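Reader: Hey, got a minute to go through a structure with me? I'd like to talk about side-chain pairs.

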Amino acid sequence: MKKTLTSLLVITLFMASCAKQTASEPPPTNEPEENPGRQPREEATAVINAGTVQQYIRGFGAASIRGWIADLTAAQRTTAFSPTSGIGLSVLRVRVSPNSADFAAEKPTIDAAKSFGATVVASAWTAPASMKTNNNTVGGKLKTTSYADYAAHLSNFCNTVGGVSAISPINEPNITVTYESMELTASEVASFVAAQGSNCGAPIMAPETFNMDKTYMDTYLSNATASSKTTYVCGHIYGKTPYVYSPGKEVWMTEHYTNTNDANNWTDALGVAKEIHDCMNAGYSMYVWWYLRRSYGFIDESGNITKRGYVAAQWARWVRPGYNKISCTANPTTGVYTTAYKSGSKIIVVAINQNAAITYQPFSISGATVAGFNRYRTTSASNLTSDSFTISGGAFGINLPAASVTTLVSY
């Protein structure tokens with residue numbers, strides 16, 4: 001009888017243990033020295049509050065600058081924008097050529113991106129030379145007497161390609177370069193937008209500074225008429241750590257890339273993940289990489305998704321346009337960074353583990369009822385591997401693989 005009772009006790013304890021592990025994975029345990037790589041348990045809960053709604057998410061994307069490099073192929077468009085078989089990018093950035101004869105050639109890629117639900121934004125590097133003070137597409141300024149003609153040029157682009165959600169009248173006006181450009185002060189950009197911002201064919205995104213220059217953006221927005229005709233405030237984070245900027249409009253990060261040419265270097269790819277996290281945590285509604293197809297891009301010159309592309313997919317596939325970021329502990333544990341998003345009852349969590357060891361991370365969720373998650377993980381050796389698990393009571397913990405990005409999608 002004693003043996004029978006003992007057996008029943010063992011079975012009961014085993015079943016209780018199994019039930020518990022469906023809700024929360026055990027933290028890493030000490031392993032033999034010949035199999036190191038897990039760190040001791042060090043944890044602080046990542047607290048998610050679905051009731052605290054933050055910025056609207058427009059999406060995650062990259063630029064295809066046809067005219068400077070070859071256009072995307074049909075297959076590459078699917079690879080870039082499909083949320084089921086590709087990266088799932090939800091933003092396409094394109095260039096407004098100073099030559100209107102080039103406009104129609106942008107349409108195939110724009111139409112393909114839109115068919116997958118992507119937002120299309122357009123940036124002009126320069127006005128046509130005839131509209132500028134130096135009669136050149138490099139440098140110089142926009143003539144004040146050409147304001148109406150330039151607005152008509154931008155509007156013609158939007159009408160020709162169709163479906164542009166926002167247009168920037170000038171890319172990086174605050175630096176001097178040797179390629180297509182215009183050098184304009186914040187007041188000069190504001191003067192054009194104040195005069196013609198309603199006539200450019202799409203909502204204005206501006207001033208698109210090189211380094212997210214707060215003084216430049218503040219000066220631009222101090223022109224009340226230009227501000228009223230500016231729908232989205234945008235800039236690039238070259239030389240600038242993403243910071244909170246609250247102009248009362250959506251803030252978009254519309255271009256950046258890192259200097260390395262190897263998009264499959266995992267350390268650098270993990271750095272891109274941290275950069276996306278930082279932009280979201282700073283309150284930005286959009287994150288756009290520079291060239292989509294490049295040795296340093298989200299797809300390579302042969303059309304293959306790179307490690308950076310798989311990192312972008314950890315957000316882009318599931319945090320679709322229409323989601324909002326919600327309150328979430330940004331850095332709950334050393335080397336771990338988390339953000340969370342929701343649309344209706346759907347909750348998405350993205351967790352980065354920069355540690356060189358498996359890290360156990362506890363979570364708690366309030367303001368939403370979640371039964372479980374589908375989980376997707378990218379590491380140096382794997383891309384978007386998936387499984388699922390259930391939770392109970394809004395609290396759970398998971399092991400984040402060493403040097404990884406994990407996305408949790410509620411069901």
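Author: Sure. One term before we start: a salt bridge here is a side-chain nitrogen of Lys or Arg within 4 Å of a carboxyl oxygen of Asp or Glu. Also keep in mind that this is a predicted model.

Reader: OK, so what is the N to O distance for Arg 294 and Glu 301?

Author: Their side chains meet at 3.6 Å, N to O, so the pair counts as a salt bridge because the cut-off is 4 Å.

Reader: Are those two buried or exposed?

Author: Neither label fits. Arg 294 is partly exposed at 24% relative accessible area, and Glu 301 is partly exposed too, at 44%.

Reader: How many salt bridges are there in the structure?

Author: The structure holds 15. One of them joins the side chains of Arg 93 and Glu 208, at 2.9 Å from N to O. That pair links distant parts of the chain, with Arg 93 in strand S3 and Glu 208 in strand S6, 115 residues apart. Both residues are buried.

Reader: What about Arg 377, which residue does it bridge to?

Author: Asp 387, with the closest N and O atoms 2.8 Å apart. Arg 377 is in strand S14 and Asp 387 in strand S15, so the bridge ties together parts that are 10 residues apart in sequence.

Reader: And why does Arg 377 get called buried while Asp 387 doesn't?

Author: Arg 377 has a relative accessible area of 18%, and buried means under 20%. Asp 387 comes out at 28%, so that residue counts as partly exposed.

Reader: Which residues are in a salt-bridge network with those two, Arg 377 and Asp 387?

Author: Glu 25 and Arg 375 are linked with them in that network.

Reader: Switching to rings. How many aromatic pairs are there?

Author: The count is 17. Take Trp 68 and Trp 125: the ring centres are 5.2 Å apart and the planes sit at 70 degrees, so this pair is edge-to-face. They are 57 residues apart, Trp 68 in the loop between S2 and H2, Trp 125 in the loop between S4 and H4.

Reader: How accessible are Trp 68 and Trp 125?

Author: Trp 68 is partly exposed at 31%, whereas Trp 125 is buried at 2%. Ring pairs also link both of them with Trp 290 and Tyr 291 into a cluster.

Reader: Does any charge sit over a ring there, or where should I look?

Author: Look at Tyr 291: the charged end of Arg 294 sits over its ring, 4.7 Å from the centre. Elsewhere, the charged end of Lys 307 sits over the ring of Trp 266, at 5.2 Å from the ring centre.

Reader: Last topic: where does Ala 118 sit?

Author: In the loop between helix H3 and strand S4. Ala 118 counts as buried, at 10% relative accessibility. Beyond its neighbours within four places in sequence, Ala 118 touches Phe 81, Leu 89, Ser 90, Val 91 and Ala 113.

Reader: And how far is its C-alpha from that of Pro 321?

Author: The two C-alpha atoms are 8.2 Å apart, although Ala 118 and Pro 321 are 203 residues apart along the chain.

Terms used
Residues numbered from 1 in each chain as written. Predicted model: local features only at pLDDT ≥ 70, side-chain atom pairs only at ≥ 80, totals over all residues. Heavy atoms only, no water. Helix = DSSP H or I, 4+ residues; strand = E, 2+ residues; numbered from the N terminus. Buried < 20%, exposed > 50% of the residue type's maximum accessible area, 1.4 Å probe, protein only. Contact = heavy atoms within 4.5 Å. Phe/Tyr/Trp six-rings, centres within 6.5 Å; stacked < 30°, edge-to-face > 60°. Lys NZ or Arg CZ within 6 Å of the ring centre and 35° of its normal.
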